[in-house]
Amino acid sequence: MNFTTASFAVLLTVVFVLHWSLRTVRSRNVLLLVASYFFYGWWDVRFLALMWATGTIDWAVAAMLDRTGSPGARKRLLCVSLGCNLTVLGAFKYFNFFADSLVSVGAFFGVEISPVTIHVILPVGISFYTFQAMAYVIDVYRREIRACRDYLDFLTFVAYFPQLVAGPIERAGHLLPQIRNPRVFDAALARDGLREMLWGFFKKMVVAESLALVADHVYASPGTASGPSLVIGTVAFSLQIYCDFSAYSSIARGASALLGVRLSRNFLYPYFSRSMTEFWRRWHVSLSSWFRDYLYIPLGGGRVGMARRVFNVMAVFLISGLWHGASWNYVAWGGLNGLLVLPAILGLSKGGSLRPEGAPRTPLMVLGDFARIVGVFVATCACWVFFRSPTLHDAIHVFGKIATDSWSVQSWREAWAHVGELSPWRGGTGSALAMVLEWLTRGWGVVVVLVEWFTRGREHPLQAIARWPTAVRWLIYGVLVWCVLVWGMNASSAFIYFRF
């Protein structure tokens, strides 16, 4: 069930009404679990059994970890849980990738290997709920939290539908207490949740979908696209994936707020980062922190020698790339990001946080900050080429075409004119409105960047207008709703991160 469908609106409305009509925590959690299973089963009911089975194993293992004092027994129990989760994830997501890679390696050395592959459908969101459950078991093993004794509460934690499919990947210490404890309706939180949902719908159905027209067209046949077209398509995808994924997080947070549950922020305006290390503290925060806490630090983090630090950083980013997809272009994407953050990790360049808001800034400092932001954005765009390209070979071709193709003013004009031709409003009524809509199709990404820059001190832009005059606020809400309804007629694609 997609967030942008009428079926989700109906589900959320029904759950909201019933949730606050019920009196006990247990009855509300029964409702949330049933709604979550219904939400997930909407895609393929067969995978409900898989999520239930792995969740049951994790709940039982954690309960035994809480009662076991023997270090050896605790390690064996942890291995059981991690082994089950990683086996399931590997079988559904990576088996064919490693099988095909083995065949390629054999062919390179002149050895013929018969491929063994399995034909399965990748369960939607499996990487997200698997990592969330694994973090819970590891935290219980480390004795950072106590095991959840209530089976219903734990299954609700794993399957909680607002963030089930694409995160944020919640820690048990943050989400489980909110599920276990009584929830009181907070009108202010609910209103802000609705505002955040509206901003999320706008970013997905209007901005991301408009940018997708450009990126999808260019990357559908990168071999025939010009260098300027590939640059425009890459920038469009860079903004598209941010608007698409952060929109999911915004809608998830807003929907959860209606139920009295606060989800973590997953995006902290990452494209305003001054360094690549800062970018990864602001992009997909729940996954970045997961790899930091459960992989990078256990490997030794930055407390080891330089060679080991290089290994730790590259291991984290390469595995992060593989997490995103079973393909070598994702591994290359992770590896390139790792190389870009290495100088800061090794102390060879500045990779600190943003300058405090109250610190004095000279015009030269402002210009320097702007240059660093642009530099980080260009670097991330280069990385996104590997992420968006169908294959590693296509990504290399894109870089080659950009480096060697014509860069005349005429070629840029032709590329930009072609963007306008992709607008769904082109050739419509011929009215002034159709012309405005066509130009907005080209420029929605710039609109979002400007709006989020001026409201970057807020959790989401619509918080900034919460105290504005009522007439002005509702005019803005009305314009956003109108845009969502108009562009929503052409919005058909699922969220990008559903495939991971």
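Reader: If I sort the lining of the largest cavity by residue class, how many nonpolar, polar and charged residues do I find?

Author: A class count is read as a division of the lining residues, and in this predicted model the lining of the largest cavity divides into five nonpolar, five polar and six charged residues.

Reader: How much space does the largest cavity hold, and which residues are closest to its centre?

Author: The volume comes to about 150 Å³. Its lining is made up of 16 residues, of which E196, S246, S250, F267 and E459 are the closest to the centre of the cavity.

Reader: Which elements give two or more residues to that lining, and which of them has the largest share?

Author: Two or more lining residues of the largest cavity come from α8, which spans 187–220, and likewise from α9, which spans 227–258. The largest share belongs to α9, with five residues.

Reader: How many cavities does a search of the whole structure find, and what is the volume of the second largest?

Author: With a cut-off of 30 Å³ or more, the search returns five cavities, and for the second largest cavity the volume is about 80 Å³.

Reader: Which residues line the second largest cavity, and how do they divide by class?

Author: The lining consists of L239, Y242, C243, Y269, P270, Y271, F272, G445, V448, V449 and E452. By class these are nine nonpolar residues, one polar and one charged. At least two residues each are supplied by α9 and by α17, the helix at 432–454, and it is α17 that gives the most, with four residues.

Reader: Turning from cavities to pockets, what volume does the largest pocket have, and which residues lie closest to its centre?

Author: A pocket is open, whereas a cavity is a space from which the probe cannot get out. The largest pocket here has a volume of about 880 Å³, and among the 35 residues that line it, G193, L194, R195, M197 and L198 are the closest to its centre.

Reader: Which elements give two or more residues to the lining of this largest pocket, and how does that lining divide by class?

Author: Two or more residues come from each of α1 (6–21), α8, α9 and α18 (470–488). Among these elements α8 gives the most, supplying twelve residues of the pocket lining. By class, the lining of the largest pocket has 21 nonpolar residues, together with six polar and eight charged ones.

Definitions and conventions: Residues numbered from 1 in each chain as written. Predicted model: local features only at pLDDT ≥ 70, side-chain atom pairs only at ≥ 80, totals over all residues. Heavy atoms only, no water. 1 Å grid on protein atoms, 1.4 Å probe; cavity = no way out; pocket = protein on both sides within 12 Å on 5 of 7 lines; lining within 4 Å. Points joined across faces, edges and corners; volume = space filled by probe spheres on them. Nonpolar A, V, L, I, M, F, W, Y, C, P; charged D, E, K, R; others polar.
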